[in-house]
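Subject: Structure for you to look at

Hello,

Here is the structure I promised to pass on, with my notes underneath. Please have it open while you read.

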Amino acid sequence: MVCVRFAPSPTGYLHIGNARAALINYLYALRCGGEFILRIDDTDLERSKPECEEAIYRDIEWLGIKYSRSFRQSERFDRYNQIRDELIASGRLYPCYETPEDLDFKRKRLMAKGHSPIYDRAALSLTDTEKAAFEAEGRTPHWRFKLDHEPIIWQDMVRGEVKFDGAQLSDPVLIRADGVFLYSLCSVVDDIDYAITHIIRGEDHVTNTATQIQLFKAVNGEKDFPLTFAHTTLLMDEDGHGLSKRLGSLSLGQMREYGIEPMAIACLLARLGTPLPVEPLPTLEELASSFDLSIFSRTPPRFSEKDLWSLNHKLYHLMPFEQVQQRLAAAGYSDFSEAHWRAVHDNIEKLEDLKPWQDIFFGKIKGTCADTEFLKIALDLLPSGPWDETTWGAWAQSIKEATARKGKELFMPLRQALTAMDHGPEMKALLPLIGIEKTKHRLCAM
């Protein structure tokens with residue numbers, strides 16, 4: 001069975017880039033009838049924050065993503081220690097005593113000569129005496145994984161065949177000098193233990209994948225592992241620049257506060273970088289039915305907040321009253337009926353935009369029409385009840401016959417007097433909801 005995972009770090013809040021990774025994994029699992037696991041990458045205990053972890057769960061739930069299991073990496077240190085010891089015993093994990101300054105000097109020297117800054121494996125030739133001398137100085141080693149210098153090849157679901165030469169890669173650091181496990185070791189162990197079948201992530205992990213493939217084999221005892229990789233391109237902004245500097249302003253928590261609907265985010269992010277149209281769909285299940293990693297482009301897609309707001313607007317047009325009724329009540333719009341919602345839902349970008357309509361339907365407003373003589377005639381011709389969607393047409397016709405006005409000259413003063421707006425839904429739908437008493441009062445008040 002397909003099994004995927006989303007692995008955020010609780011050192012910050014989820015943003016649009018994280019949301020895309022989570023949604024792509026979840027939609028793939030839904031499409032395949034598979035499993036989605038939430039993993040909290042909190043091995044860096046100093047930087048991990050409980051409030052960020054709480055926000056991750058809150059944001060995932062808000063997006064509508066359902067995970068079958070979740071766990072924290074900080075609960076699995078015994079397992080990582082076991083694998084560490086096995087890799088040391090097999091000679092694949094070796095201690096290095098260079099300081100950050102030493103490594104920086106080596107990198108700059110290689111680059112000055114036009115070479116790739118590949119670690120020279122100097123630590124492999126250290127004698128026990130030399131190691132002891134370094135430790136006597138107070139140096140604590142960091143630990144690198146010894147790569148096999150052989151071709152590394154995989155068939156990527158987005159990029160096609162990907163090739164690396166192990167000899168052209170630096171042995172990756174798996175454990176820092178302060179003892180903190182880095183991403184690769186813990187991630188590989190977890191992916192094996194939780195039987196992950198597909199690793200779907202951003203293209204910034206392509207080189208990580210090359211080294212991790214060898215690490216998978218080393219940890220798994222050279223057994224075959226049913227792993228498939230997919231690396232999607234990273235999002236750009238509307239001008240073609242990376243989003244990295246703006247991700248703080250694009251957190252899911254802030255978007256929720258702005259009034260963005262989670263399905264607007266899902267519909268946009270799931271289709272960006274594909275030939276499928278970006279369109280409003282009501283559920284993740286429906287979005288998943290057309291999801292296909294093989295059609296994702298190698299060209300970085302551009303994320304537009306304007307497109308997000310457009311989708312938000314379109315979703316309200318599709319949203320039935322039953323789906324939004326409880327939210328309306330919680331937001332202070334408990335007086336709204338299905339008729340009120342149907343009249344105005346195509347005129348809002350966010351639920352907060354209902355505030356003026358709350359006043360128009362149930363409160364007091366100050367009209368903007370100064371044509372008092374015309375409004376007096378309209379008041380005299382106001383039909384008696386019952387009022388329905390035919391009332392507006394009959395009333396407008398009688399005013400037209402009495403004043404010879406037509407078109408905008410006829411309709412605009414009435415709209416301005418009754419709604420204090422120059423635009424909005426059709427008045428035939430609004431008039432019965434405003435009601436005869438408020439209509440009389442607003443025509444008189446002018």
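Which residue in strand 2 is the bridge partner of Val4? It is Phe36. Before going further, please keep in mind that this is a predicted model.

**The parallel sheet**

That bridge belongs to the pairing of strand 1 with strand 2, which is parallel and runs over 4 bridges. The two strands are part of an open sheet of 3 strands in the order 1-2-3, with parallel pairing. Strand 1 and strand 3 (69-72) are the edge strands, and each pairs on one side only. From one strand to the next, the twist averages 25°.

On the other side of the order, strand 2 (residues 35-40) and strand 3 are also joined in the parallel sense, over 4 bridges. Here Ile37 has Arg69 in strand 3 as its bridge partner. Helix 1 packs on this sheet and touches strand 1 and strand 2, with a direction that makes about 165° with that of strand 1. Helix 2 (residues 50-63) packs on the sheet too, touching strand 1, strand 2 and strand 3, and its direction makes about 160° with that of strand 2.

Strand 1 is worth a closer look. In a regular strand the side chains alternate between the two faces of the sheet. In strand 1 both faces are covered: Cys3 and Arg5 are buried on one side, and Val4 and Phe6 are buried on the other.

**The antiparallel sheet**

Another open sheet of 3 strands has the order 4-5-8, and its pairing is antiparallel. Strand 4 (93-96) and strand 8 (173-175) each have a single partner strand, so one side of each is left without a neighbour in the sheet. The twist in this sheet averages 45° from one strand to the next. Strand 4 and strand 5 (residues 142-145) run antiparallel and are joined by 4 bridges; within that pairing, Cys96 has His142 in strand 5 as its bridge partner.

**Pocket and cavities**

Where should you look for the centre of the largest pocket? The pocket has a volume of about 1,000 Å³, and of the 42 residues that line it, Ala7, Pro8, Asn18, Asp204 and His205 are the closest to its centre. Strand 1 (3-6), helix 1 (16-32) and strand 9 (198-202) each supply at least two residues of the lining. Helix 1 gives the largest share, with 6 residues.

There are also 3 cavities of 30 Å³ or more. The largest cavity has a volume of about 50 Å³. Among the residues lining the largest cavity are Leu27, Arg271, Leu287, Phe291, Asp292 and Phe296.

Phe296 turns up again among the contacts of Thr232, a residue of strand 10 (residues 228-232). Thr232 is buried, with a relative accessible area of 7%. Leaving aside residues up to four places away in sequence, Thr232 touches Arg20, Ile24, Val158, Arg201, Gly202, Glu203, Leu293 and Phe296.

**Helix 19**

Which residues of helix 19 are buried? In this helix (residues 436-445) they are Thr439, Arg442 and Leu443. These buried residues cover an arc of only 100° around the axis, which puts them on the same side of helix 19. Glu437, His441, Cys444 and Ala445 are exposed on the other side of the helix. As for the buried residues, they pack against helix 14 (355-362), helix 15 (372-380), helix 16 (391-403), helix 17 (408-419) and helix 18 (427-434).

**Two backbone points**

Most residues other than glycine have a negative phi, and most peptide bonds are trans. Arg121, however, has a positive phi, near 60°. Arg121 sits in the loop between helix 4 (100-112) and helix 5 (128-136). With a relative accessible area of 17%, Arg121 counts as buried because the cut-off is under 20%.

Ala195 is another residue with a positive phi, about 55°, although it is not a glycine. You will find Ala195 in the loop between helix 6 (183-193) and strand 9.

Best wishes

Key: Residues numbered from 1 in each chain as written. Predicted model: local features only at pLDDT ≥ 70, side-chain atom pairs only at ≥ 80, totals over all residues. Heavy atoms only, no water. Buried < 20%, exposed > 50% of the residue type's maximum accessible area, 1.4 Å probe, protein only. Arc of directions from axis to C-beta. Contact = heavy atoms within 4.5 Å. Pairing = 2+ DSSP bridges. Axes fitted to C-alpha atoms, helices over the stretch in contact; angles between N-to-C directions. 1 Å grid on protein atoms, 1.4 Å probe; cavity = no way out; pocket = protein on both sides within 12 Å on 5 of 7 lines; lining within 4 Å. Points joined across faces, edges and corners; volume = space filled by probe spheres on them.
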